Amino acid sequence: PTAAKTTGPVQAFEKSIRAAFQSGKKLSITQLRKLAREAGIETANEKYLWELTELAWTKWYRRLAQAHSEPAETYRAIVDFYRRTQPTYTGLDSHKRVFQQYSTSAPIAWLAGWFTDSGATGSVLEPSAGNGLLTIYYPERLVTVNDLDPVRYEHRRRQPFRETHRRDAAQPFPERFQHAFDAVLTNPPFGRLPEVNREYGFPFKALDHVMVAHALACMQDAGRAALLIGGHTEVNNNGLIASHRQFFNWLYRHYRVVALLNIDSAKLYHKQGTDFPLRLILIAGRKAEPYGAAPTLKTQPDIARVIDSFEDLFDLVQAARAQAETPEETLTEKLQREYQKVKIELL
């Protein structure tokens, strides 16, 4: 086709996808293959076809994120597009399963960005960025992105991000990244490590936990982070977190966690090709003095609640944003307050 010859196959395919999105048409895999053939793209490689399609909807979501001034209105527009128009990933790509390349559901991605925006956010890091979907809340000029996948790396290079890297995010980032970013967004691949990692003084057994730790090391002390990790938080008979408790002990000891939210992936993530249980963790800064431990059923009665609607998730993230605006006591301040209470009781 003429469009493919003048603008290139990828650009022609994106143009066709945008036209469908503009008209509110939900495309099936058969229709996507047809548009790809018309643009001059080989359709036998289904992984590549879906990567191109995801790149197109990532750019569309970023446009939606910039089109409204009110957060609730923006979010409604993104949820509506996700429900009505975004294609549903239907592939059986073994590469995607092995490397856990399930990009973030767009409404969750926007909420993650919204939480991390303090009003003065000037630098954002996404260390396992894929095509950039988790960054749709922010203009690309603010965002540094990283990912090992070569196809996704080329897709990110064609977007005007501040910096684009291809590093192994399971390893520490270079010195210039440490404590350098106002906001951190990450949805790392899930999976167990071949051996326990004790780099941070606690035994980590999951790949996503190690990658989260490396990502958080890049956050400024007063920065914010939104983290997506695998699993749902369950408690044992003693009311303690039942699995990976040491990771949560480390996290709560060193960072101010304002929300730990279990997400029903079958309802809020299915379009990305997986129903694997998911948690959204929202962080408002690094603790000046490490103290504390993972919550229990007694201290946080809703710790095992599973959120199954985008509307409820919006309300919970909004509440976390409000909580993030209120400074938390340091350990010293807390001890001084308790000491004053004891003095008064003794008098």
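Here are some notes on how the sheet, helices and cores fit together in this predicted model.

1. Start with the sheet. Eight strands make an open sheet with mixed pairing, and reading across it you get β3-β2-β1-β4-β7-β9-β8-β10. At the edges sit β3 (163–165) and β10 (306–307), each of which pairs on one side only.

2. Within that sheet, have a look at β8 and β9. The two run antiparallel and are joined by seven bridges. If you want one pair to click on, take L260, whose bridge partner in β9 is I281.

3. Which strands does α7 lie across? Helix α7 (residues 106–116) lies across β4 (181–186), β7, β8 and β9. Its direction is at about 160° to β7.

4. Helix α10 also belongs with the sheet: it lies across β7, β8 and β9, and runs at about 135° to β8. This helix spans residues 245–254, and its buried residues are F247, F248, N249, W250, L251 and Y252. Their cover includes the strands β6 (204–206), β7 (219–230), β8 (255–263) and β9 (278–286), along with helix α9 (207–216).

5. Now the cores. In soluble globular proteins, nonpolar side chains tend to be buried together. Here the largest nonpolar core has 70 residues, and the ones touching the most other members are F13, Y61, W110, L282 and L313. Helix α4 (residues 46–67) is the top contributor to this core, giving nine residues. Another core, of 32 residues, lies apart from it and has V184, F202, L260 and I281 among its members. You'll recognise L260 and I281 as the bridge partners from point 2.

6. What does W110 touch, leaving aside its neighbours within four places in sequence? The contacts are A65, P71, T74, Y75, I78, I136, Y137 and F314. So if you're browsing the largest core, W110 is a handy place to centre the view, being one of the residues that touch the most other members.7. Finally, α4 against α8. Helix α8 covers residues 150–157, and the two helices pack at an angle of about 30° with their axes 11 Å apart. Angles under 35 degrees count as roughly parallel, and α4 and α8 are therefore roughly parallel to each other. The crossing of α4 past α8 is right-handed. On the α4 side, the residues that meet α8 are Y48, E51, L52, E54 and L55. From α8, the partners are V151, R152 and H155.

Note on methods:
Residues are numbered from 1 along each chain as its sequence is written. This is a predicted model: local features need pLDDT of at least 70, side-chain atom pairs count only at pLDDT 80 or more; totals for chains, interfaces and linings use all residues. Side-chain values use heavy atoms; hydrogens and water are left out. Buried means under 20% relative accessible area, exposed over 50%, partly exposed in between (1.4 Å probe, protein chains only). Helices (H or I, at least four residues) and strands (E, at least two) are DSSP runs, numbered from the N terminus. Contact means heavy atoms within 4.5 Å. Two strands pair if DSSP finds at least two bridges between them. Axes are lines fitted to C-alpha atoms, for helices over the stretch in contact, and angles run from 0 to 180 degrees between N-to-C directions. A nonpolar core is a set of buried Ala, Val, Leu, Ile, Met, Phe, Trp, Tyr and Cys residues joined through side-chain atoms within 4.5 Å. Angles under 35 degrees count as roughly parallel, over 145 as roughly antiparallel, 65 to 115 as roughly perpendicular and the rest as oblique. A crossing is left-handed if the near helix is turned anticlockwise from the far one by less than a right angle, and right-handed if clockwise.
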